Each structure stands twice: as structure tokens, then as C-alpha cells.
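Welcome! Take a moment to turn the model around on your screen, and then we will walk through it together.

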Amino acid sequence: MAKNIGLVGGFVGRFGNAVGYTNRGRQLIRVYQPKVYNPNTKRQQLTRERFKVLNAFARTASTGIGIGFNKVMAGFTRQAFIGRNMKGLFFKPQETDYNFDHLQLSDGPLPAPNRATATAGSGNQINVPISGDTNAVGYDADGTPMYVGVVVVAINENIIGGIGEVACVTTTTMGSAVSTIPSTVQISIPGSWSGSTVHVYAFFKQSAVPLNSIPASQWPWRTPFNASPTAYMGSVEII
């Protein structure tokens, strides 16, 4: 039912196939549309399902993503992560199934660590071999020496979607204007992960201060410097 708001015929509400309304003091009329057309194509359905998958990964690995994508505007690291993996090789063609070895937890101009194979260590430790181009990662674009950290992330494939947080994000500072890289970085995982498959990732991160001197809760905000893409370090069966 329309409501008359003036002597010249203005109205608010529906009148036949017209809808009257006001916007910033102006009286406007639009055509009534009883239905919103949504074709819900197979491509749209696929995109929605993939978005759900990436949101689940974003909840699970939020700490690592906060470090790896923190050069983007504050509060948009999740969107950057989703956009990076939606366009990459993470998903199999025309499917919602995904490839763990193509997951990117970071993005940036630094060269990524060389791919390697993580192995089970003693107790609840995983050993991750690290190597890469130290000449490229030790300086910023202006040639200023930078601290460089190796960020290692382990994800239990059985808890994707926020049931559990990422196992651990560990950083090892290589020093300012690095010339050497630690040959191995260790990451600790919860004892409750026995019997699970854990996927391991690593990337380089520049910082003005040593990464391991910053509380984990402050990493995303204290270190807005370059990162590298993520290197997949394989999966480890936890016995």
C-alpha cells in the first residue's frame, strides 16, 4: 500500500508495478521486481563451494596467514589468502577437491625456500630442511639489510575448518643481511595428533627486528615487510 506524501502526487511504497521512495530528500520511483534472478549456474555453485573450503583453511591456519599476507591492508589478510588460492593451482580442475601441495599461506616478491621433504623427529618434533637464495632474501628493494625469518607451518588434515588451530607456527631468525640459512628447522606438534597426517609448509619473511623476538599475537601488525611464496615440504605420518 502506497502512502501519499505530497499534493503533487508523490508517494512512498508500492503502487501497481511502481515503488516510490525518498533518497536524500528526493522523491524517486523504480519498477517493482518481485523476484531476484539467480541462475545458480554450475560455475557459481563451484565457486561458492571453493570459497567455503578456503574459509575453512583460513580459520585453521589464521596465524600463519597473518604473517604471510600482512603486507595487505589490516583486516584483509583472509581475503588476500582466499584470492591467491582461488586463482592458483590449489583446486583440481572443475572440482572442489584440493591439492595440499599447492596451498599458499603467503605471498610476496622474495624467492621461496627450496622444496624439500620434512621428516618425523624425536618426540613430537618434525624436522624441516631449509635452503634458498640468501642473497635475494637478506635485503629490501633499497638494498637495506633486513632480518629474515623462516616461517614453518604444520596443518593436520583431519582438523581443517576450525576444529583445531594450526599445529604451530615457528620462526627462526637468520640475521641481518644473512649469508647462511639454518639447514633444519624443527616444529613441535601436539601429542594428540598421533595417527594423523600433517602437511608442512615454509616461507621466508623479512622484518626490521628478529621475528622470534615478537609475540605471536603481534606478528601481523609489527612486521609489514616482504614475504615469499610458500614452499610445500611434504606430509608426515604421525605415529
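Helices (H or I, at least four residues) and strands (E, at least two residues) are DSSP runs, numbered from the N terminus. K52 and E49 both lie in one such run, helix α1 (residues 42-60), three residues apart, or about one turn of the helix. This is a predicted model, in which local features need pLDDT of at least 70, side-chain atom pairs count only at pLDDT 80 or more, and totals for chains, interfaces and linings use all residues. Residues are numbered from 1 along each chain as its sequence is written, and side-chain values use heavy atoms, with hydrogens and water left out.

**The chain as a whole**

- The chain has five helices and 11 strands.
- Of its 239 residues, 41% are buried; buried means under 20% relative accessible area, exposed means over 50%, and partly exposed lies in between (1.4 Å probe, protein chains only).
- About 13000 Å² of the chain is exposed, and carbon and sulfur atoms supply 52% of that area; such areas come from the Shrake-Rupley method with a 1.4 Å probe, and for residues only the protein chains shown count as cover.
- A contact means heavy atoms within 4.5 Å. Among contacts between residues at least 6 apart in sequence, 67% join residues at least 24 apart.

**How confident the prediction is**

- The predictor's confidence in each residue is called pLDDT and runs from 0 to 100. Its mean over the chain is 78, and 77% of the residues reach 70 or more.
- Confidence is lowest in strand β1 (residues 3-4), with a mean of 52, and highest in strand β11 (residues 231-237), at 94.
- Over residues 162-167 pLDDT stays under 50, and the model has 24 contacts beyond four places in sequence for this stretch.

**Salt bridges**

- How many salt bridges does the structure hold? There are two, where a salt bridge is a side-chain nitrogen of Lys or Arg within 4 Å of a carboxyl oxygen of Asp or Glu.
- One of them joins K52 to E49, with the closest N and O atoms 3.4 Å apart. K52 is exposed, at a relative accessible area of 53%, while E49 is partly exposed at 37%.
- D107 and R84 also meet through their side chains, at 3.6 Å from N to O. This pair links distant parts of the chain: D107 sits in the loop between α3 (77-87) and β5, R84 sits in helix α3, and 23 residues separate them.
- D107 is partly exposed at 39% relative accessibility, and R84 is partly exposed at 29%.

**A three-stranded sheet**

- Three strands form an open sheet in the order β5-β6-β9, with antiparallel pairing. Strands β5 (119-120) and β9 (184-188) stand at the edges with a single partner strand each, so one side of each has no neighbour in the sheet.
- Two strands count as paired if DSSP finds at least two bridges between them. Strand β6 (residues 125-129) is joined to β9 by five bridges, and to β5 by two.
- Which residues face each other across β6 and β9? P129 stands opposite T184, and N127 has Q186 as its bridge partner.
- On the β5 side, A120 is the bridge partner of I126 in β6. The hairpin of β5 and β6 has four residues between the strands, and G123 takes a positive phi near 65° there.
- Side chains alternate along β9: V185 and I187 point to one face and are buried, whereas T184, Q186 and S188 point to the other face and are not.
- Strand β6 is mostly covered, with four of its five residues buried.

**Nonpolar cores**

- A nonpolar core is a set of buried Ala, Val, Leu, Ile, Met, Phe, Trp, Tyr and Cys residues joined through side-chain atoms within 4.5 Å.
- The largest core has 23 residues, and those with the most contacts inside it are I126, V128, I130, V152, V200 and M233. The elements giving two or more residues to this core are β6, β7 (147-156), β9, β10 (197-207) and β11.
- Apart from this core lies another, of 21 residues, including F69, L103, V153 and Y201.
- Leaving out residues up to four places away in sequence, V200 touches several residues, among them A118, I126, V128, V152 and M233.
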